Amino acid sequence: MKEELKKMREEALSRLKNAGSLDELEELRVGYLGKKGKMTAILREMGKLPAEERPVMGQLANQVRADIESCLGEVKKDLEEKAMEKRLEEETIDVTIPGKKVNLGHRHPMYIALDQVKEIFVGMGFDIIDGPEIELAEYNFDRLNAPEGHPSRDWSDTFYFDTDSRVMLRSQTSPMQVHAMETRKPPIRVVAPGRVYRKDEVDATHSPMFHQIEGLVIDKGITMADLKGTLNTVVESLYGKGTKTRFRPHHFPFTEPSCELDVQCHECGGVGCRVCKGEGWIELLGAGMVHPRVLEMSGIDPEVYSGWAFGIGLERMAMRRFNITDMRLIFENNIRFLEQF
Ligand code: DAH
């Protein structure tokens, strides 16, 4: 039995040392020291020994078990270290390999201009609102006081969805005035930027889809002086302090009186040049005092409230701001063009 134990120890230690994996090691442990292992089998035989030999055998058996266990521990540690080393090697990141270049997007010049306008109006207490591009002619025309037969309602100018000209792509952001009056109570101060659509051929200054920013103020005691004061402040924020403006009479169905606002040419200072086409002034926006009928149609009493509105074409504004000479560049999204701004 003594020999058997010693032989088992030699065999166990040598097999343990050759174990190639933690799984194999565990298998060996169970085979030698487990409940149904070789050690248990040998110890079971001990009962057959004479009583005086048992303590010696017991001691030897304990020694063999301890030797196997300590060898197990060492080999296990070794295998674990090797596994870790292998993993680290596999997961090594070579920080010297050149990275893949990620192409970041670029802010579009028109949105740079829009954000600037928004910021100015938000600073003056206006809300930014958004609304439908598929619009009812009722909102785009009727409730803006554009009567049946008004030239802008013509099929040749407007994209209609139906044959009785009720549903259309909005041709201006002005219907947002009606939406604002419908959903808000005075005092109203809103700015509504968005896309508009007209049957225009594409050229250097036209596109069938373009952007406008609508503005609307309604309160008690609002006058043309408020319109001029506010818009002059906006122009100075956009083009610099002291920029001269000119308000020219004009006609829009939904405002009375109506005007267009020109900014003195920044290039020539009003003398006339290529940029202003010899005029000395550059048209910036349309505006006016909200027509009493427009207020009335949206349930606001024109005897109590008055207001003013404006509309700016955003592409033209960005083109002027960044000296872009062809509107098509705004829509082509060529990264080499966009990255200049
Ligand atoms: N909707 C007009 C257009 O598309 C622009 C405009 C003019 C808007 C005067 C207004 C305004 O709110 O008061 O030409």
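These are my notebook entries on a predicted model of a protein chain with a ligand.

**Ground rules.** I number residues from 1 along each chain as its sequence is written, and my side-chain values use heavy atoms, with hydrogens and water left out. The model is predicted, and local features need pLDDT of at least 70, side-chain atom pairs count only at pLDDT 80 or more, and totals for chains, interfaces and linings use all residues.

**Domains.** I looked up the domain assignment, which gives domain 1 (2-90) and domain 2 (109-338); such bounds come from an automatic or database assignment. The C-alpha centres of domain 1 and domain 2 lie 89 Å apart.

**Ligand.** I counted a residue as near the ligand if one of its heavy atoms lies within 4 Å of it. There are 15 residues around the ligand, and Gln172, Ser174, Arg198, Gln212 and Glu214 come nearest. By class, I find 5 nonpolar, 8 polar and 2 charged residues in this shell. Here Ala, Val, Leu, Ile, Met, Phe, Trp, Tyr, Cys and Pro count as nonpolar, Asp, Glu, Lys and Arg as charged, and the others, Gly among them, as polar. The strands β5, β8 and β9 each supply at least two residues of the shell; strands (E, at least two residues) and helices (H or I, at least four) are DSSP runs, numbered from the N terminus.

I then checked single atom pairs. A polar side-chain atom of Glu214 is 2.6 Å from a ligand oxygen atom, and an N or O atom in the side chain of Gln177 is 3.0 Å from one. Phe310 has a backbone N or O atom 3.2 Å from an oxygen atom of the ligand. The ligand taken alone exposes 360 Å², of which the protein buries 88% (Shrake-Rupley method, 1.4 Å probe).

**Thr173.** I found Thr173 in the loop between β3 (167-169) and α7 (175-183). Thr173 counts as buried because its relative accessibility is 0%; buried means under 20% relative accessible area (1.4 Å probe, protein chains only). Its side chain makes a polar contact of 2.8 Å with that of Glu214 (N or O atoms within 3.5 Å, one able to donate a hydrogen and the other to accept it). Leaving out residues up to four places away in sequence, Thr173 touches Ala192, Gly194, Val196, Gln212, Ile213 and Glu214 (heavy atoms within 4.5 Å).

**Helix α10.** In α10 (residues 314-322), I list Leu314, Glu315, Met317, Ala318, Met319 and Arg320 as buried. Their cover includes α5 (109-123), β5 (209-219) and β9 (306-313). After α10 comes Asn323, with a positive phi near 55°.

Terms used. Buried means under 20% relative accessible area, exposed over 50%, partly exposed in between (1.4 Å probe, protein chains only).
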